[in-house]
Amino acid sequence: MGVEEKMQINREKVSVFISSRCDSAEDKKNGTIKYGVMRKSLKLLLEETGICDVYAFEESHATTVDVVHSYMDKLDDADLVIIIIDNKDDVSDATLKEISRAKAHNKKCIYIFCNEREKEATSVQKDLLSSLKNPRYYEVSDFTDIARSAYEAVISDIIGIFNSYCRGRVEYREEDEEKLSEENSIDLEVAGDTDLTKEFIDGFAYTKYVAKKASNLALGETKDASDQDKNCAALLGLILGEPENLKVDFASIKNDIKSYHRGNIQKVVMARYEAVELYFSGKLSECVEKLSECVEICKACKNIPKWLYNDVALDLRNMQVELDKEKDTFNYNSSGQELLNQDNEPLYYPVIDRIVSEHNENIYKHLMKNATQSPFAVNIGGADYSIDKVCSSFIVAYAYGSITHMLLIRKRLYEYLITLSLEVRDHRMFMLCVRLLVLSGESKTLKSYLKAYGENTNNINTQDARKLLESTAYQSIKVQQIIARELLLQHFGYYFSDEDFKAEYEDLVKEVKKCITDKYAVSYVVKPLLDAYYDIRYRIDESEILEFVYYLHANNIRLYYDDAFKLLYHLPLKSVSKVNQRKYQAFVIRCLEDSEIREKCNNLCLAAQTLRQVETIGHSKLDACVKKTCPVFYKDTYLLNTSDLDDTMGWSYVEKYIETIRNDNATQGKNGTYHGNAFNPYITIGRILSKSELKLNNKQLKKLVDALRGTLFADMQTIDAKVNAMELLCLIQLRYSRNKQVKELAGDIALNINVVFQAKELFMERGYSSANLKFVFALLQNILKTDAEKNISKSLISIQNDDIAVRITAMREIERLAEQGLMEACSDNANILLFHHTLSDSYSMNADLEFYAMSALSKMLDSTFRDRCLDRFIEMMDYEPYLVKVGMLYRISEDDKNDMKIKYIFEKGKNDSHYWVRHVSNKALDN
């Protein structure tokens, strides 16, 4: 075996990252640099094996990147992380960040603890003991033994993995890399006037490599690429927002393109490339003019294929749409659209349609294999073929100068990679999907994807956010670039560094205000900024949000008044001075008195209500204005949510909702007609009873229970009404345990169970089923001590196997009732069932179910399950999305900070990558 072959074998090594405290300046001054010596010793031992490449902070080179990111990037690239902790020195914030980052990226970790000077385990060690799923750690009693013990652990781990592989404990199944047979090979000679050959696409290996590398699917490096391949790759990188250090040289590209074609097709395509260059230079108006010229060239030339002519018309139509956005207009009869309307045939693009069809077929086969394969199988391959297909469609579009089809590679890539990333959970692939969605302005898809992916906050850092921000500069069209920046601020603003956030936020607001002043694309840039304000409102001075809303009103941007009031409705207003509160109150009053604004803005009254709830100034003028301008809202909602309800006022509201329930029971299902309500009277009554000091007397309780009896025994009533009525019965029993009326009704239900469980399931009311009804009734029986736990167990099993919406509804029922003392009222065995069900759902991949399970666990902290709840919360701080973390931190913020587990949770939070998580944690620790 030659030297060159040996070098090839040794090129791939196990990348190891050593995480521990660093020696302090005082240690170095005293000559006690034990950590530095230990890390260097361990590095030397591992690298002597010839199979490890080790990163130790002390031996890293100078870099232009800031210190934190310089070593965090190394951690991200590592295959194995060795975490070393001396119990006496405890865990530094830097080490805690590294542990969180390693967990977030699912890195294999080896933990070594030294108990030489302190036998008490650290919080990290206790955390590892809390679950059998955590890796096993090793303890040493002498600090000088750490390097040897860590070295032995690494070698033992590598050997163990190899042994498992050799003994067949992992089954690998390679997906078929389908090759096109000769008879199915792509024919690029679909237009008689071209000299492209079927081997054409194969000449762009580097272009395909660029797409695969961006997706983290590239294997190895590519060989030397041709200039034409690099030119194509440069334009692809620009479209993907990652230009790969290649400059787009349109003069060189046009020379390449000219050589691909001849005759009239060459003439048309070269004219198209003038438009392509103008588009990617941001000169949209000139681009439209050039495309109009291309249309005339097509008309004047003979033998231009119809599909090519229509493709030019399609580009013209789409660019005119983009130009109309800048002018805030929409033209249904643009010249491009009229050209397309003249042709009765559907639009087609022979080669690209064929490629995309094969790509879609491959995706379908991939999904089918996933659904039918062995659960022990591990898929490798397949993705390479799919990316090749997507790139092939781009290369054909590139060859013919089709702007629309070149830009479509973003959509074709993210549609495939979103599905793949949800399977493999690869961070770089996730970031590419986000970037493509941002550059495409796909707000709804981006929001849905982020929720489905459930990205752990420790998985994203300020450098990730900065790279995303830098990619928006490659969106050449100004309107689309502004929208991309707004989307990025909305969904990733909490990850920006303080400097990046301040600069980007201020510049973006300035840019949007200029658009308003210039009447430039106002209909497209205002709403995304309001959405961004809403999502990052905890990082912005509330007075600045108010000033932007005033600016919209001053410029009469009425189309977005209601969106602005929705934003104001959700503002906590805790940092607004009294001067600004008075200004805001005067503004709300003026809007309420304007009948046109009031009638078109559904959120205005709610914004007034929020202001009334939190303001620290006089509110008599606001009360009088709401009462005068919105009398129904004032009576039904405003007073209920802003007043301290005494028994008389509280009962008046309860009595009103009882009447609503009776009317529903009388009319629901009559003549086959079912209807819904704008509000839920059962939940509203429950909130009044739970959140106020209202005490019902026996006569009032009887009236309420009788109404619920009517709901439960109504054979035409809906399932959601019966479930909500049963839950309200549970709440009444928890609050009025001595009253006998609920127990009597429960006995009647047990005797007429078939009537009660007969209900209409409405198509539009997902989330309710007979399993919910049986579950809540089982809870009621257990609260009343009239039944054991078996019915709870049976109904929970049914719910666990039901639709996810049904599971969420059941979890919300547990959450609400747990807050009212469910755990204290139920038997010990019932509590065990409820706790384990809730704990299990807290691991759900569904974001809503996981959130409500977390909230329910927070209501169980006063039970015997406190330690297990806190152990789960500690685990959540490592792996969960920010909404779960923030929700949990708020819910335990008033808990005992002297509890070491509570303190550890907040210590983790203050080192999180997410601004809001850090903010809540720091605030809780300071109080």
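In helix 38 (residues 790-800) of this predicted model, the residues I792, S795, L796 and I799 are buried, where buried stands for a relative accessible area under 20%, exposed for one over 50%, and partly exposed for values in between (1.4 Å probe, protein chains only). Helices (H or I, at least four residues) and strands (E, at least two) are DSSP runs numbered from the N terminus. The four buried residues lie on the same side of helix 38, because they cover an arc of only 105° around the axis; the arc is that of the directions from the helix axis to the C-beta atoms. An α-helix has 3.6 residues a turn, so residues three or four places apart point the same way. On the other side of helix 38, K790, K794 and I797 are exposed. The cover over the buried residues of helix 38 includes helix 37 (770-783), helix 39 (804-819) and helix 41 (828-841), with contact defined as heavy atoms within 4.5 Å.

Residues are numbered from 1 along each chain as its sequence is written. Local features need pLDDT of at least 70 and side-chain atom pairs count only at pLDDT 80 or more, while totals for chains, interfaces and linings use all residues; side-chain values use heavy atoms, with hydrogens and water left out.

Helix 39 also takes part in the packing of helix 32 (681-691). Of the 11 residues of helix 32, 9 are buried, so this helix is largely enclosed by the rest of the structure. The buried residues are P681, Y682, I683, T684, I685, G686, I688, L689 and S690. They pack against helix 30 (631-642), helix 31, helix 33 (698-713), helix 34 (719-735) and helix 39.

The loop between helix 32 and helix 33 contains L694, which counts as buried at 1% relative accessibility. Leaving aside residues up to four places away in sequence, L694 touches D646, D647, G650, W651, V654, I688, L689 and Y736. Of these contacts, I688 and L689 are themselves buried residues of helix 32. The C-alpha atoms of L694 and M649 are 9.1 Å apart, although 45 residues separate the two along the chain.

Two loop residues were examined for their backbone angle phi. Most residues other than glycine have a negative phi, and most peptide bonds are trans. N671 has a positive phi of about 60° although it is not a glycine. This residue is in the loop between helix 31 (647-667) and helix 32, and N671 is exposed, with a relative accessible area of 76%. R425 also has a positive phi, near 55°, and is a residue other than glycine. R425 sits in the loop between helix 17 (403-424) and helix 18 (427-440) and is partly exposed, at a relative accessible area of 29%.

A sheet was also found in the model. It is open and consists of 5 strands in the order 2-1-3-4-5, with parallel pairing; two strands pair if DSSP finds at least two bridges between them. Strand 2 (52-55) and strand 5 (138-140) stand at the edges with a single partner strand each, so one side of each has no neighbour in the sheet. Neighbouring strands are turned by 25° against each other on average, direction ignored. Axes are lines fitted to C-alpha atoms, for helices over the stretch in contact, and angles run from 0 to 180 degrees between N-to-C directions. Helix 7 (residues 146-166) packs on the sheet and touches strand 1, strand 2, strand 3, strand 4 (108-114) and strand 5; the direction of helix 7 makes about 155° with that of strand 4.

Within the sheet, strand 1 (residues 14-19) and strand 3 (residues 80-86) run parallel and are joined by 4 bridges. The bridge partner of I18 in strand 3 is I82. Strand 3 is joined to strand 4 by 7 bridges, again in parallel, and the partner of I85 in strand 4 is F113. Strand 4 is mostly covered, with 6 of its 7 residues buried.

Taken as a whole, the protein has 46 helices and 7 strands. Its radius of gyration, taken over C-alpha atoms, is 32 Å, close to the 30 Å that the globule rule (2.2 Å times the number of residues to the power 0.38) gives for 927 residues, so the protein is as compact as a globular protein of that length. Of the 927 residues, 52% count as buried.
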